[in-house]
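These notes are meant for a colleague who is opening this structure for the first time. Please read them with the model in view, and take the points in order.

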Amino acid sequence: MDFKNLILEVKEGIGILQINRPSVLNALNTETLKELEEAIDYVRENQEIKALIITGVGRAFIAGADISEMVNFTPFQAKEFAERGHRILGKIESLPKVVIAAINGFALGGGCELALACDIRIMAEGAKIGQPETNIGIIPGFGGCLRLPRVVGKGIASELIFTGDMIPATEALRIGLVNKVTPPDKLLDTAQEMAKKIGSKVSETIDLAKKTIKLGLETDLETAKDLEICSFSLLFSLSEPKERMKAFLTKSKK
């Protein structure tokens, strides 16, 4: 697909989506969000793509929403912008394939929120992440107030949002905001290696695991138990899991 502000490539079943507005540190404006939604819809329907990596071109992952556009918003326009952001990040979160954020540089505001909507976050040494919206008098509008506490806990999320501080990769790893930290030149290779490993699994298995994890966190434990049991048993209606189990047994007997 051809985009003005994005680059989407597919390599060996792995989608690599780059935010490509390096002159403004990949800030998200309305045009870029529209393209991002188109790209995510395309990835959802493309059966060749088994996993998706999202990263940025240049010094930033995504340095936030485009303040030069937001500064003139009316309350109605701000509401529309936030609704669009929530809808698109919701689509990323609900993709029936794993999404990995390869955080190559600044992941601030909307960039941190987009990373939070991904399943796994890998961050380059030297990169910074945070929710600095309070520094300009607003709050996160694309789900930061909702997803960040679910990832790092209420206290740490409150501190990051209230202070507007940016934190380095080592601190993000310590608080559980990211899964791994790599040297910058190893970031994409690490993300691709993980994506290929996950992409080699049964696609329905990964989809159900992802849904079970998400819904399990949003409901009570008893309901979550029932959900896991249903997801587990449903996979026994498919041929590929059974073939893989048979292959495992055959291999273990050798």
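1. Ring pairs join Phe 73, Phe 81 and Phe 142 into a cluster, and this should be read with the caution that the model is a predicted one. When the whole structure is searched, three aromatic pairs are found. One of them is formed by Phe 81 and Phe 142, whose ring centres are 5.3 Å apart and whose planes make an angle of 45 degrees, so that the pair counts as tilted, neither under 30 degrees nor over 60.

2. What does the pair of Phe 81 and Phe 142 tie together? Phe 81 belongs to helix α3, whereas Phe 142 sits in the loop between β8 (128-130) and α5, and the pair therefore ties together parts that are 61 residues apart in sequence. Both Phe 81 and Phe 142 are buried.

3. Helix α5, which spans residues 144-152, has Gly 144, Arg 147, Leu 148 and Val 152 as buried residues. These four lie on the same side of α5, because the arc that they cover around the axis is only 105 degrees. As a general point, an α-helix has 3.6 residues a turn, so residues three or four places apart point the same way. The buried residues of α5 pack against three helices, namely α3 (75-93), α4 (110-117) and α6 (154-163). Just after α5 comes Gly 153, which takes a positive phi of about 95 degrees.

4. The packing of α4 with α5 can be described further: the two helices meet at an angle of about 55 degrees, and their axes are 10 Å apart. That angle makes α4 oblique to α5, and α4 passes α5 in a left-handed crossing. On the α4 side the residues in contact are Glu 113, Leu 116 and Ala 117, and on the α5 side they are Gly 144, Arg 147, Leu 148 and Val 151.

5. Is Arg 147, a residue of helix α5, buried or exposed? Its relative accessible area is 12%, so Arg 147 counts as buried, the limit being under 20%. Leaving aside residues up to four places away in sequence, Arg 147 touches Leu 89, Gly 90, Glu 93, Leu 116, Ala 117 and Phe 142.

6. Glu 93, one of the residues that Arg 147 touches, has its place in helix α3. With a relative accessible area of 21%, Glu 93 is partly exposed. Again without residues up to four places away in sequence, the contacts of Glu 93 are Ala 117, Arg 147, Lys 210 and Lys 214. The C-alpha atoms of Glu 93 and Lys 211 are separated by 9.5 Å, although these residues are 118 residues apart along the chain.

7. Two backbone angles deserve a look, given that most residues other than glycine have a negative phi. Glu 12, which is not a glycine, nevertheless has a positive phi of about 50 degrees, and this residue is found in the loop between β1 (6-11) and β2 (14-19). Asn 26, likewise not a glycine, has a positive phi of about 60 degrees and is found in the loop between β2 and α1 (30-45). As for their surroundings, Glu 12 counts as exposed at 67% relative accessibility, whereas Asn 26 is buried, with a relative accessible area of 0%.

Terms used:
Residues numbered from 1 in each chain as written. Predicted model: local features only at pLDDT ≥ 70, side-chain atom pairs only at ≥ 80, totals over all residues. Heavy atoms only, no water. Buried < 20%, exposed > 50% of the residue type's maximum accessible area, 1.4 Å probe, protein only. Arc of directions from axis to C-beta. Contact = heavy atoms within 4.5 Å. Phe/Tyr/Trp six-rings, centres within 6.5 Å; stacked < 30°, edge-to-face > 60°. Axes fitted to C-alpha atoms, helices over the stretch in contact; angles between N-to-C directions. Parallel < 35°, antiparallel > 145°, perpendicular 65-115°, else oblique. Left-handed = near helix turned anticlockwise from the far one by under 90°.
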